[in-house]
Each structure stands twice: as structure tokens, then as C-alpha cells.
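Thanks for taking a look at this one with me. Here are some notes to read beside the structure, set out as short numbered points.

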Amino acid sequence: MSQGKFSEQVLAFAHAPSLDELPEVVDVKRSVPVNPPEQTQMKFVGLSYEAAYAEAESFVAVADQFAAKHGPGSFADLSHIVDFGSGWGRITRTLLLRVAPTKLHAVDVDSEMTALVNTTLPGVNALTVAPQPPTVLGHASIDAGLAFSVFSHLSGPAHEAWAEEFGRIVAPGGAVAITVLDTSFFAKVAGAQAAVRAGNADAFASALSTTFADLDAAQSGYAAGEIQYAGSGGGEIRTGDYYGWAVAPPAYIERVWGAAGFRIVEWVPAETLFPQALVFLVRGDQATPMSARSLTQRARPAGSIQTTARRVAGKVRREIGPRLGGLRRRLRDVLDERAKKR
Ligand SMILES: C[S@@+](CC[C@H](N)C(=O)[O-])C[C@H]1O[C@@H](n2cnc3c(N)ncnc32)[C@H](O)[C@@H]1O
């Protein structure tokens with residue numbers, strides 16, 4: 001403690017300079033926000049400036065159209081949208097043309113990126129999360145989620161955990177747009193391996209050639225409906241135990257996201273709109289009970305998922321059903337009592 005009435009820390013806070021005016025909430029239509037350094041843009045999306053924003057603009061436009069067609073409605077009419085794995089914020093910036101900052105949640109595992117969003121896009125809800133869920137976002141609190149080039153990097157367990165978390169936070173009828181690597185990625189790896197053999201590989205091809213050293217095995221696993229993951233890591237907090245290159249077949253997406261309560265309504269193959277496939281998923285109207293989701297998530301073959309889901313549904317009916325009946329009877333009695341008194 002200092003000699004006076006206040007601690008040194010209180011005095012330090014109190015004597016810091018004051019702002020001349022309050023920071024303004026971002027309004028991209030009025031003035032465009034500053035960009036992060038080009039190096040940061042490239043590191044996160046392999047593109048910068050016009051090319052990076054053009055991709056973001058297409059992704060948001062297509063996802064918005066799909067949301068209007070299959071999901072909860074146009075983004076402009078929604079209340080809570082998550083940009084999952086928001087990075088330096090190009091998708092969030094693009095969303096800001098349609099949605100108010102307070103309706104946007106920019107979620108990333110990298111606190112430098114959420115600090116960047118806080119600074120360059122003030123007013124957006126930037127949230128740093130752990131590599132594995134849960135988030136602090138409420139049950140059924142989100143209308144739509146977008147994740148560009150995020151699930152294409154997550155390991156099987158991380159992918160499955162985040163699909164389940166989306167099942168928890170997205171409201172029935174809500175939607176999620178994700179991108180994934182599909183079978184065309186194997187051709188890229190084969191090309192990189194050939195370039196290495198020919199001695200003309202650049203740095204990216206050299207790194208790519210080391211993923212899926214046994215390409216035949218990876219392709220067989222993919223054909224069998226299993227995610228193929230190479231844990232290369234992505235720098236800093238993006239460690240190889242959950243982050244690398246992930247190639248996910250449609251059967252896997254259907255199984256994992258189906259167990260989380262979603263169905264695939266659009267699948268645009270890789271190299272059509274983007275280098276990655278775009279998958280648009282809609283949350284079923286019925287909230288899936290958490291216990292049922294956890295059980296079905298672990299069960300792999302489709303047949304056993306259905307069996308487990310049926311078993312859990314039966315158990316829930318047996319255990320909760322009689323109690324619900326009792327509650328209904330009590331409620332009827334109370335209403336009858338009230339009616340008699342009137
Ligand atoms: C390839 S970048 C894409 C960034 C952004 N979606 C875009 O297209 O501009 C992947 C982003 O996902 C984030 N990420 C990786 N794993 C994550 C996790 N488990 N939870 C949340 N964000 C994650 C990374 O930190 C990174 O910002």
C-alpha cells in the first residue's frame with residue numbers, strides 16, 4: 001500500500017491518460033476499418049486484400065442465400081450470428097454489411113485474433129475459446145454459424161466436439177455453413193509429392209507433400225467414410241493434436257452433424273465456388289437431448305447410431321414419461337380449483 005489512502009495500483013489506474021472521446025462502434029458502410037498487416041492476412045487465409053475479401057464476399061453471399069432458402073431467413077433478419085474461427089475478421093467485416101455488430105460473435109481460439117477484431121471492429125462480440133468446447137454461448141442462442149476454412153483443419157475429435165457444440169448453441173431451424181476438404185485434396189498432395197520428386201517444389205508444396213505420406217491408405221479411409229487427418233499444426237496455439245489438414249467425406253459429415261441434430265441441405269464440391277467444399281446444414285426442429293447426442297456421437301456405424309438413439313429415446317420416455325403424466329394431472333387439478341373459485 002502507498003502511504004496515502006489509495007493503493008499504488010488504484011493511483012496508477014487513476015493517473016493514466018483519459019480518452020478525448022469514446023470509441024465508435026464500427027460502421028463499415030460509413031468508414032472501412034483498417035486492415036491487419038499483409039503477413040497476418042496471408043498466414044491465416046493464404047490470400048490478402050482484394051483476393052481475400054472477394055472470397056469472403058462470395059462465401060457470405062452464398063451462405064445468406066442458403067439461409068434464406070433453407071434456414072432461419074436472410075442474415076439481415078437474424079439476431080445472433082457466429083463467425084467461428086474468425087481469424088483476422090474478413091468474414092466478420094463482410095457480415096457487417098448485412099448485420100449490426102452487436103448481433104455478431106467472432107469466435108477464435110487465438111486471443112491475438114480476437115484482440116485484433118476488438119480493435120479493428122469495435123462493437124463486435126469477439127470471444128476467445130479453448131480448442132475444445134464448450135463455449136459460454138447459451139443453449140439455442142444462435143440463429144446461424146459460419147466457419148470458413150476451419151473444419152478443414154480440425155482433427156476428428158475436435159470436429160465432432162464442435163459439431164456437438166453447434167448442436168447445443170444453434171436454435172432449432174437455425175443453420176451452419178462450413179467448408180471442408182474433399183477428395184480433390186488428395187490430388188493436390190499427390191501433385192506436391194511429384195513436385196518434390198522432380199525437385200521443383202516450392203515451400204508450400206514441400207510442406208503439403210509430407211501430409212498423408214501413405215496417400216493410398218488415406219484415400220481408402222476416406223472412401224470408407226472416415227475423416228483423414230494430418231496433424232501438421234498451424235502455429236502458436238494451433239497445435240497438431242487438433243489442427244492440421246482434415247479431409248472429411250460426405251458420409252462422415254452426415255453422420256457427425258446428423259448426430260448433433262443437423263441435416264445437410266447443400267453440398268457444393270471443392271473447386272466449384274472455393275478451393276474447399278461448402279456444406280450448408282440446417283438444425284432440426286426438435287432439440288436433441290444432450291445425453292442422446294453424446295451417445296450417438298460416439299457410436300460410429302449408421303445402424304448403431306439409430307439403435308442407440310432409439311434406445312436412449314425409449315429410456316427417456318420410460319424415465320420422464322410417468323413424471324410428466326403426474327405433472328400434467330397436478331396442473332389440471334390446480335386449473336380446476338381456480339375455475340371453481342371464480
Ligand atoms: C484458416 S483460418 C480461417 C480464418 C477465417 N475463417 C477466414 O476465412 O478468414 C482458421 C481459423 O480458425 C481458428 N481456429 C482453429 N481452431 C479453432 C478452434 N478449435 N476453435 C476456434 N477457432 C479455431 C484459427 O485460429 C484461425 O483463425
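1. A word on terms before we start: two strands are said to pair when DSSP finds at least two bridges between them. Please also keep in mind that this is a predicted model.

2. With that in hand, turn to strand β5, residues 170-180. Its partnership with strand β9 (residues 277-283) is antiparallel and counts six bridges. Two of the contacts are easy to look up: threonine 179 has leucine 278 of β9 as its bridge partner, and valine 180 is matched with alanine 277 of β9.

3. β5 also has a partnership with strand β4 (residues 142-147), this one in the parallel sense and over five bridges. To find it in the viewer, try leucine 146, which stands opposite alanine 177 in β5. Is β5 mostly covered or mostly exposed? Mostly covered: nine of its 11 residues are buried.

4. Now step back to the whole sheet. It is open, has seven strands with mixed pairing, and runs in the order β3-β2-β1-β4-β5-β9-β8. Why do β3 (125-128) and β8 (262-268) each have one side without a neighbour in the sheet? They stand at the edges and have a single partner strand each, so there is nothing in the sheet on the other side. On average, neighbouring strands here are turned by 20° against each other, direction ignored.

5. Helix α6 belongs in the same picture, since β4, α6 and β5 form a β-α-β unit that is right-handed. The helix covers residues 156-169, 14 in number, and its first and last C-alpha atoms are 20 Å apart, close to the 20 Å expected at 1.5 Å a residue.

6. How many of the 14 residues of α6 are buried? The count is 10, so to speak of α6 as mostly covered is fair. The buried set includes Trp162, Phe166 and Ile169, and charged side chains are found there too, among them Glu160, Glu164 and Arg168.

7. Last, the ligand. There are 20 residues around it, and those that come nearest are Gly85, Gly87, Val109, Phe148 and Ser149. Which elements supply at least two residues each to this shell? They are α2 (38-45), α4 (90-95) and β2 (104-108). By class, the shell is made up of 12 nonpolar, four polar and four charged residues.

Terms used:
Residues are numbered from 1 along each chain as its sequence is written. This is a predicted model: local features need pLDDT of at least 70, side-chain atom pairs count only at pLDDT 80 or more; totals for chains, interfaces and linings use all residues. A residue is near a molecule or strand if its C-beta atom, placed from the backbone, lies within 6 Å of it. Helices (H or I, at least four residues) and strands (E, at least two) are DSSP runs, numbered from the N terminus. The expected span of a helix is 1.5 Å times one less than its number of residues. A residue is buried if 20 or more other C-beta atoms lie within 10 Å of its own, exposed if 12 or fewer, and partly exposed in between; C-beta atoms are placed from the backbone. A crossover is right-handed if, with the strands pointing away from the viewer, the path from the first strand over the helix to the second runs clockwise. Axes are lines fitted to C-alpha atoms, for helices over the stretch in contact, and angles run from 0 to 180 degrees between N-to-C directions.
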